[in-house]
Amino acid sequence: MTTSDWILDLALILVVLRQMRWGRIDLVFVAVPIGIVSFVAYKYLNPIPTGGNDMLLIAVFAAIGTILGITGGLATHVRVEEAHTFVRAGFTAASLWILGMGARLAFAVWTAHSGGPTIARFSAQHHITSAQAWVSAMILMVLCEVGTRIATILIRVAVARSKTSATGLSVAAVNAGH
């Protein structure tokens with residue numbers, strides 16, 4: 001892994017750690033994580049392999065990212081005050097985010113060092129045609145996690161705002177797990 005790979009992975013982990021305190025939903029909330037994963041996708045998703053079971057591998061990792069993203073979005077606290085909406089990643093949301101990003105980072109480090117031969121054997125046994133299939137799977141996992149987490153939170157924000165405007169209350173809270 002290059003220095004820029006480490007920086008990008010750690011930046012994605014820091015994004016959610018920063019959200020462990022109440023923060024306003026704004027353009028930065030959406031743009032920073034989307035910008036980071038868009039850059040990573042541009043850098044690494046070329047080409048997406050389709051031979052053997054490559055697409056199955058990619059689909060499984062994308063599904064894992066989607067599940068982590070939706071669950072993390074549902075576990076994020078949403079609060080509406082006046083005309084402003086605030087979110088806070090609770091312990092569960094932050095843990096899921098760190099689990100997804102950390103597991104991807106650990107996998108990349110492992111494969112670059114001692115895990116390469118194991119991945120090569122697994123790939124041969126399961127008809128995965130190239131290392132690029134693994135790269136694509138990991139990148140699409142991150143894209144799906146980030147995209148679905150943000151989408152889930154934005155949907156929850158819209159619901160909280162509509163409840164606030166429908167009831168005429170000045171404060172509405174929609175907290176996960178409460």
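## A tour of the chain and its aromatic cluster

Begin with the whole chain in view: of the contacts between residues at least 6 apart in sequence, 82% join residues at least 24 apart. The model is predicted. With the backbone displayed, the C-alpha trace spans about 60 × 30 × 25 Å along its principal axes. Colouring by secondary structure brings out six helices and four strands, which follow the order α-β-α-α-β-β-α-α-α-β along the sequence.

Next, switch on the surface. The accessible area of the chain is about 9,200 Å², and carbon and sulfur atoms account for 70% of that. Of the 178 residues, 42% are buried. Selecting the charged side chains gives 12 positive and 7 negative ones, with the centres of the two sets 5 Å apart.

Now turn to the aromatic rings, where the structure holds four aromatic pairs. Select Phe61 and Trp134, whose rings meet edge-to-face, with 6.0 Å between centres and 80 degrees between planes. Because Phe61 belongs to helix α3 (residues 54–74) and Trp134 to helix α6 (residues 131–167), this pair ties together parts that are 73 residues apart in sequence. Phe61 is buried, at a relative accessible area of 15%, and Trp134 is buried as well, at 9%. Extend the selection to Phe107, Trp110 and Phe122: ring pairs link these three with Phe61 and Trp134 into a cluster.

Finally, inspect two arginines placed over rings. Select Arg79 with Phe86: Arg79 lies over the ring face, 5.0 Å from the ring centre. Then select Arg149 with Trp97, where Arg149 lies over the face of the ring at 5.2 Å from its centre.

Technical notes:
Residues are numbered from 1 along each chain as its sequence is written. Side-chain values use heavy atoms; hydrogens and water are left out. Rings of Phe, Tyr and Trp (its six-membered ring) pair if their centres lie within 6.5 Å; planes under 30 degrees apart count as stacked, over 60 as edge-to-face and the rest as tilted. Helices (H or I, at least four residues) and strands (E, at least two) are DSSP runs, numbered from the N terminus. Buried means under 20% relative accessible area, exposed over 50%, partly exposed in between (1.4 Å probe, protein chains only). A charge sits over a ring if NZ of Lys or CZ of Arg is within 6 Å of the ring centre and within 35 degrees of the ring normal. Contact means heavy atoms within 4.5 Å. Accessible areas come from the Shrake-Rupley method with a 1.4 Å probe; for residues, only the protein chains shown count as cover. Lys and Arg count as positive and Asp and Glu as negative; His and the chain ends are not counted. The place of a charge is taken as NZ of Lys, CZ of Arg, CG of Asp or CD of Glu.
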